[in-house]
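Me: I would like to learn how to read a few features of a protein model. Please give the general idea each time, then the case at hand.

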2 protein chains.
Amino acid sequence: MRENKYDDPVFFEKYGQMDRSKLGLAGAGEWEALRELMPEFQGKRVLDLGCGYGWHCAYAAEHRAASVLGIDLSERMLEVARQQHSGPVIEYRRCAIEDIDVPDGSLDVVFSSLAFHYVQDFGVVMDRVWRWLVLGGRFLFSVEHPIFTACGSQDWYRDGEGKILHFPVDHYFEEGERKANFLGENVVKYHRTLTTYLDGLLTRGFRLLRVVEPQPPERMRDLPGMRDELRRPMMLLVSAEKS
Amino acid sequence: MRENKYDDPVFFEKYGQMDRSKLGLAGAGEWEALRELMPEFQGKRVLDLGCGYGWHCAYAAEHRAASVLGIDLSERMLEVARQQHSGPVIEYRRCAIEDIDVPDGSLDVVFSSLAFHYVQDFGVVMDRVWRWLVLGGRFLFSVEHPIFTACGSQDWYRDGEGKILHFPVDHYFEEGERKANFLGENVVKYHRTLTTYLDGLLTRGFRLLRVVEPQPPERMRDLPGMRDELRRPMMLLVSAEKS
């Protein structure tokens with residue numbers, strides 16, 4: 001997330017018009033599935049990597065976390081977070097995911113929502129999160145699904161009339177940079193395989209608790225394009241424990 | 001595997017011509033990755049679900065398993081297994097994966113190679129394997145990757161000249177029957193999501209040890225079509241423990 005598209009005024013404006021920005025957690029198709037994986041927050045020290053508007057920080061605070069540190073590289077997003085999701089236990093700090101450091105064993109929960117596909121080296125993230133967490137600490141994150149990031153374009157494959165034929169997968173085992181189009185703007189993301197995410201956690205000693213590909217909830221299936229999300233996996237939710 | 005294509009003489013003949021049939025384990029692109037996940041066999045009671053020619057049964061016996069039961073629905077395959085991979089601790093039995101039953105807590109290792117995508121209800125398999133295994137017992141299997149089984153055709157998407165454009169994904173969250181083409185013959189397989197495989201194990205209490213999408217090994221990359229296998233994930237290897 002050192003490349004910070006979210007401080008580009010045009011991109012920021014467009015992002016602000018998305019349901020997930022206006023409606024918060026309820027506007028995110030994966031929220032029901034993610035909430036089910038949320039750990040107990042009461043009395044916990046929480047870090048949110050790529051906190052954005054701070055919706056999840058507020059959620060942790062509402063559930064009586066002892067402390068919540070939300071970091072993000074976008075000053076614009078942190079401004080909104082400070083205005084709308086502040087609280088006595090919440091601190092927001094401008095920092096890249098790659099640059100944050102906290103003392104070893106000082107956290108109970110590390111959380112991240114849809115931010116790690118902006119990080120080049122996920123191995124470093126896993127190593128650090130392992131050090132930061134206490135034994136029994138939780139690591140919960142959502143990312144774009146490796147199938148969704150493989151090709152790069154993140155677009156459906158369509159016929160001459162624009163009708164969706166299928167979703168294309170290519171270059172799956174070639175990890176690294178992808179130039180994706182998000183809200184009409186070019187964004188750099190990093191593709192990695194499912195093996196890198198899951199086996200990377202397992203071989204570092206994490207215990208996987210849950211692995212979920214969320215489907216759009218019933219209440220959202222009549223929104224434009226939402227039914228098509230049953231045709232491809234777009235996100236991956238992973239809950240792990242340092243054990 | 002109640003539908004038993006492997007006793008169709010034409011299909012059986014064609015299958016017999018594949019490298020993995022003629023060369024055994026070394027002819028299978030995933031063997032290096034799978035071997036790395038193999039548990040300790042010495043003194044263990046092993047069940048192989050869909051054992052085919054018995055290559056893996058022989059491997060377990062060579063590594064001093066106490067007993068190895070290989071089951072398969074194809075009488076033709078079991079004939080070859082009995083001729084080529086017999087041994088004092090190995091027993092082969094004709095039986096569908098859905099129909100085999102063994103006493104609770106009577107197994108140390110349950111293994112399966114590329115057979116579960118022929119089974120309609122994987123939930124039942126997981127429930128039973130849990131019961132059959134001792135505490136600390138291992139469940140190791142390979143399956144066709146959910147991305148590979150989603151669309152059904154299992155074919156690359158090509159341009160007018162037959163050049164591969166990408167691999168198509170569709171109907172991902174619609175689990176169930178797919179009519180696939182394998183060796184020029186129609187075969188019924190069952191598609192299920194990654195969530196069903198992995199979260200199904202986790203929510204039943206299995207501990208995931210490894211999750212690996214094997215890539216073709218260097219030694220095979222010059223074989224026809226093998227380099228294309230870096231463009232899509234075709235298989236999934238899962239190692240789990242009853243703990």
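Me: Which residue follows α4(A), and what is the sign of its phi?

Reply: Most residues other than glycine have a negative phi. In this predicted model, α4(A) is followed by Arg64(A), with a positive phi near 65°.

Me: Which non-glycine residue in the loop between β8 (176–182) and β9 (185–191) of chain A has a positive phi?

Reply: That is Leu183(A), which is not a glycine but has a positive phi of about 60°. Leu183(A) is found in the loop between β8 and β9 of chain A. Its relative accessibility is 26%, so Leu183(A) counts as partly exposed.

Me: What is the phi of Leu183(B), and where does this residue lie?

Reply: Leu183(B) is likewise not a glycine, and its phi is positive, about 60°. Its place is in the loop between β8 and β9 of chain B. With 25% relative accessibility, Leu183(B) counts as partly exposed.

Me: Back to α4(A). Which of its residues are buried, and what covers them?

Reply: Start from the cut-off: buried means under 20% relative accessible area. In α4(A), the buried residues are His56(A), Cys57(A), Ala58(A), Tyr59(A) and Ala60(A). Their cover includes one helix, α3 (31–37), and the strands β1, β2 (67–72), β3 and β4 (107–113), of chain A.

Me: How do I tell which side of a helix is buried? Take α1 (residues 9–16) of chain B.

Reply: An α-helix has 3.6 residues a turn, so residues three or four places apart point the same way. The buried residues of α1(B) are Phe11(B), Phe12(B), Tyr15(B) and Gly16(B). They are on the same side of α1(B) because they cover an arc of only 135° around the axis. The elements covering them include α2 (19–22), α5 (75–84), β8 (176–182) and β9 (185–191) of chain B.

Me: Which residue caps the N-terminal end of α1(B)?

Reply: Look for a side-chain oxygen and a backbone nitrogen. The cap is Asp8(B), with a side-chain oxygen 2.9 Å from the backbone nitrogen of Val10(B).

Me: How many cavities of 30 Å³ or more does a search of the whole structure find?

Reply: There are two. To read a cavity, take its volume, then its lining, then the elements that supply the lining. The largest cavity holds about 40 Å³ of space. Its lining consists of Met38(A), Phe41(A), Val46(A), Asp48(A), His56(A), Cys57(A), Ala60(A), Val68(A) and Phe111(A). Two or more of the lining residues come from each of β1 (45–49) and α4 (55–62) of chain A. The largest share, three residues, is that of α4(A). By class, this lining has seven nonpolar, one polar and one charged residues.

Me: What is the volume of the second largest cavity, and which residues line it?

Reply: Its volume is about 30 Å³. The second largest cavity is lined by Phe41(B), Val46(B), Leu47(B), Asp48(B), His56(B), Cys57(B), Ala60(B), Val68(B) and Phe111(B). In chain B, β1 (45–49) and α4 (55–62) each supply at least two of these residues. The classes are seven nonpolar, one polar and one charged.

Me: Now single residues. Is Asp199(B) buried or exposed?

Reply: Read the accessible area, then the contacts. Asp199(B) lies in helix α8 (residues 194–203) of chain B. It has a relative accessible area of 7%, so Asp199(B) is buried. Apart from residues up to four places away in sequence, Asp199(B) touches Arg210(A), Val211(A), Val212(A) and Leu194(B).

Me: Is His85(A) buried or exposed?

Reply: His85(A) is in the loop between α5 (75–84) and β3 (90–94) of chain A. Its relative accessible area is 9%, so His85(A) is buried. Beyond its neighbours within four places in sequence, His85(A) is in contact with Tyr53(A), Gly54(A), Trp55(A), Ala58(A), Val80(A), Ile90(A) and Tyr92(A).

Me: What can be said of the contacts of Asn181(B)?

Reply: Asn181(B) lies in strand β8 of chain B, and at 43% relative accessibility it counts as partly exposed. Leaving aside neighbours within four places in sequence, Asn181(B) is in contact with Ser153(B) and Asn186(B). A polar atom of the Asn181(B) side chain lies 3.1 Å from the backbone nitrogen of Gly184(B).

Note on methods: Residues numbered from 1 in each chain as written. Chains lettered and ligands numbered in written order. Predicted model: local features only at pLDDT ≥ 70, side-chain atom pairs only at ≥ 80, totals over all residues. Heavy atoms only, no water. Buried < 20%, exposed > 50% of the residue type's maximum accessible area, 1.4 Å probe, protein only. Helix = DSSP H or I, 4+ residues; strand = E, 2+ residues; numbered from the N terminus. Arc of directions from axis to C-beta. Contact = heavy atoms within 4.5 Å. Polar contact = N/O pair within 3.5 Å; in protein donor to acceptor, adjacent residues only side chain to side chain. 1 Å grid on protein atoms, 1.4 Å probe; cavity = no way out; pocket = protein on both sides within 12 Å on 5 of 7 lines; lining within 4 Å. Points joined across faces, edges and corners; volume = space filled by probe spheres on them. Nonpolar A, V, L, I, M, F, W, Y, C, P; charged D, E, K, R; others polar.
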